[in-house]
Amino acid sequence: MMQNSVNQLALENNPDGILNTTSQPNQQHVVDDIGAFLNVLPPNVREGLDGTIDGDREVSGLLEVIIDLGRVPEARFVDGSVALNDKEVTRWDIDTVIAGLGRFGDDNRAGIERTLHRFSAIRDREGNPVGLTCRVGRAVFGSVRLIQDLIQTGRSVLILGRPGIGKTTILREVARVLADDASRRVVIVDTSNEIGGDGAVAHPAIGRARRMQVPNTELQHRTMIEAVENHMPEVVVIDEIGTELEALAARTIAERGVQLVATAHGNTLGNVITNPTLSDLVGGTQAVTLGDIEARRRRTQKTVLERKHMPTFDVVVEMRERNYVGVHNDVGRAVDRMLRGLQLPLEMRRLNEDGSVDTQVEDAMDSEDGFETAAFDLNSIRSPRRSYDTDTENPNANGRPSEPAETITRDEGMPEPPPIRVHPFGVPRDALRSGIRAMGVPVMLSESAAEADVLVTTKLHYGRRPPAVKRAERDGVPVYVLRRGTREQIEQFLNRFEVGRASTANGNGSHSDDELLVDEALEEAERAVERVLSGDRKINLSAQSSHIRRLQHALAARYNVGSASTGHEPNRHVIIRRRRR
């Protein structure tokens, strides 16, 4: 019933537009008012666009039309750009478009009455328009399913992502769902009329939500506070929080018990933390000087960064693609761990064509930084490593033939196993040596990378891909990457071995990865790589130890396909998949 009423309402307000919908109740459907968009374009531009759409392009893929003085008009689609004709744009063409629009605001944006289309002007020094970016606005009903469970709990949600990825589209759907389906009092602070459309009457895509327009973008924070003080909302929806005053106003609203759903500039939570203007949204940061005892307990420097206060937003959603997002469900905990140089697993969600949502946890090794943050498994590190070289007589760096390390198993009553051999590449050896002595971890420094069980380097050196790093990854030697070679980062690295030793002593880390098991696991990974290269989306491999999983990740990297570890021990396994573009 709800979907039929939405379709009917959209058609009543969109007599010349295109409504893309299907008979499937859970699928997305789009209202784009394309007729109104085409009517304001100059005749030659409209004819070129009609010919392009009737040819090999679809109107659903049209993002924007570029009209610049003295250049040929250009249409930008999802999969590329197309010149519409060979006639240069004149001032008459630009004036024709402007005549069909509403008033331009101080942000140089205008629109068409009761539509979501946005027209942004480029002006010369005298203020005359010399270019227009004509973006097609679409109401996508059903896009909110990715985060619908998050907003219906009453928690405040911050949506991040690059320009044009669909943040405002989801925000518009959030306002409609909360106002119509959840019967909440929703007020939209519409900075540039992007959420509710141009004109005094809001677009029907926002449902029963109320819309407050912002007369001056520099005063958006005042409108945010006014919305709470004058209209008693349960939910406030804000697009593009971008200034310190707006961040402070958002925090004030949240402290009054009002749910916030907003977008902000930045691709990831890490971008917001390091942005001095917006870091207040996720708790802010401050330098804290620790006492000697506390610094030793944490194994950090005495001056560290810590979160200043409770985050304004409870949940952060990172939009990776239009229908693919990462979710931080506990922003406070995520910020605390990031400030300590650690990573938290992300909950990844993908919206399918049938309206269903696939959810999986992406571990830290598959995160954007790509660094392993879990404790090392001492037994798996000591396990024999398989080299992809077939020449076993190839001498190592010291001129001696390479020999596989012994498989060491520890029975009750046996002495402690030998220490882990770590080779530092670009990391201060003296700092490592003093950290090993202070922490008492079972680690010794190796003079040669060929004899090492683990290679540790910095992000700067790793990015240059030196031969030592390539050789280690080829041979299945774990490579640990520090952001910087500071004492704090080195102590966090050594702490992995201390945790790994404790799990070994408790009998939780004993893997016996013999050569036969390693060969079978790598053959399984090779078959999965072949299937992915042949067109399969992803293949789940069998559960393996952390050592074998590292070898499978290295094999996937050789063939330029994606890989990720998922699940919990003892069922943790690798997924081979197509690399995301």
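# A strand covered on both faces

Both faces of β26 are covered: G562, A564 and T566 lie on one side, S563 and S565 on the other, and all of them are buried. Keep in mind that this is a predicted model. With five of its five residues buried, β26 is largely enclosed by the rest of the structure. That split between two sides fits a general pattern. In a regular strand, side chains alternate between the two faces of the sheet.

## The sheet around β26

So what does β26 belong to? It is part of an open sheet of three strands, in the order β25-β27-β26, with antiparallel pairing. At the edges stand β25 (538-543) and β26 (562-566), each with a single partner strand, so one side of each has no neighbour in the sheet. From one strand to the next, the twist averages 25°.

The partner of β26 is strand β27 (residues 573-577), and the two pair in the antiparallel sense over five bridges. Strands in a sheet pair through backbone hydrogen bonds, in either a parallel or an antiparallel way. Following individual residues across, A564 has I575 of β27 as its bridge partner, while S563 stands opposite I576 in β27. β26 and β27 make a hairpin with six residues between them. In the turn, G567 has a positive phi of about 90°.

Helix α18 (residues 546-558) lies across β25, β26 and β27, and runs at about 160° to β26.

## Just before α18

Which residues does Q544 touch? Leaving aside residues up to four places away in sequence, Q544 touches L517, A521, E524, R549, Q552 and R572. Q544 is found in the loop between β25 and α18, and it is buried, with a relative accessible area of 14%. Q544 and L517 are 27 residues apart in sequence, yet their C-alpha atoms are 9.4 Å apart in space.

Q552 turns up in another pairing too. E523 and Q552 are 29 residues apart in sequence and 9.4 Å apart in space, again from C-alpha to C-alpha. E523 is found in helix α17 (residues 515-533). Its relative accessibility is 43%, so E523 counts as partly exposed.

## Nonpolar cores

Elsewhere in the chain, the largest nonpolar core has 33 residues. L158, V236, I238, I241, L281 and V282 touch the most other members. Several elements each supply at least two residues of this core, among them β10 (157-160), α7 (220-231), β13 (235-241) and α11 (331-339).

V282 is a good one to click on. Not counting residues up to four places away in sequence, V282 touches L269, V272, I273, R307, P311, V316, V331 and V335. There is also a second, separate core of 29 residues, which includes L146, I159, V174 and M319.

## Rings and charges

How many aromatic pairs does the structure hold? It holds two. Here they are side by side:

| Pair | Centre distance | Plane angle | Arrangement |
|---|---|---|---|
| F37 and F119 | 5.8 Å | 25° | stacked |
| Y480 and F493 | 5.0 Å | 45° | tilted |

The F37 and F119 pair links distant parts of the chain: F37 is in helix α2 (residues 34-39) and F119 in strand β7 (residues 118-123), 82 residues apart. F37 and F119 are both buried. In the other pair, Y480 sits in strand β24 (residues 479-482) and F493 in helix α16 (residues 487-505), 13 residues apart. Y480 and F493 are buried as well.

Two arginines also sit over rings. The charged end of R123 is over the ring of F104, 5.4 Å from its centre. R350 lies over the face of Y324, at 4.0 Å from the ring centre.

## Two positive phi angles

Most residues other than glycine have a negative phi. R114 has a positive phi of about 60° although it is not a glycine. R114 is found in the loop between β6 (109-111) and β7, and at 38% relative accessibility it counts as partly exposed.

M232 has a positive phi too, of about 45°, and is not a glycine either. Is M232 buried or exposed? At 60% relative accessibility, M232 counts as exposed. M232 is found in the loop between α7 and β13, and those two elements each supply at least two residues of the largest nonpolar core.

Note on methods. Residues are numbered from 1 along each chain as its sequence is written. This is a predicted model: local features need pLDDT of at least 70, side-chain atom pairs count only at pLDDT 80 or more; totals for chains, interfaces and linings use all residues. Side-chain values use heavy atoms; hydrogens and water are left out. A nonpolar core is a set of buried Ala, Val, Leu, Ile, Met, Phe, Trp, Tyr and Cys residues joined through side-chain atoms within 4.5 Å. Buried means under 20% relative accessible area, exposed over 50%, partly exposed in between (1.4 Å probe, protein chains only). Helices (H or I, at least four residues) and strands (E, at least two) are DSSP runs, numbered from the N terminus. Contact means heavy atoms within 4.5 Å. Rings of Phe, Tyr and Trp (its six-membered ring) pair if their centres lie within 6.5 Å; planes under 30 degrees apart count as stacked, over 60 as edge-to-face and the rest as tilted. A charge sits over a ring if NZ of Lys or CZ of Arg is within 6 Å of the ring centre and within 35 degrees of the ring normal. Two strands pair if DSSP finds at least two bridges between them. Axes are lines fitted to C-alpha atoms, for helices over the stretch in contact, and angles run from 0 to 180 degrees between N-to-C directions.
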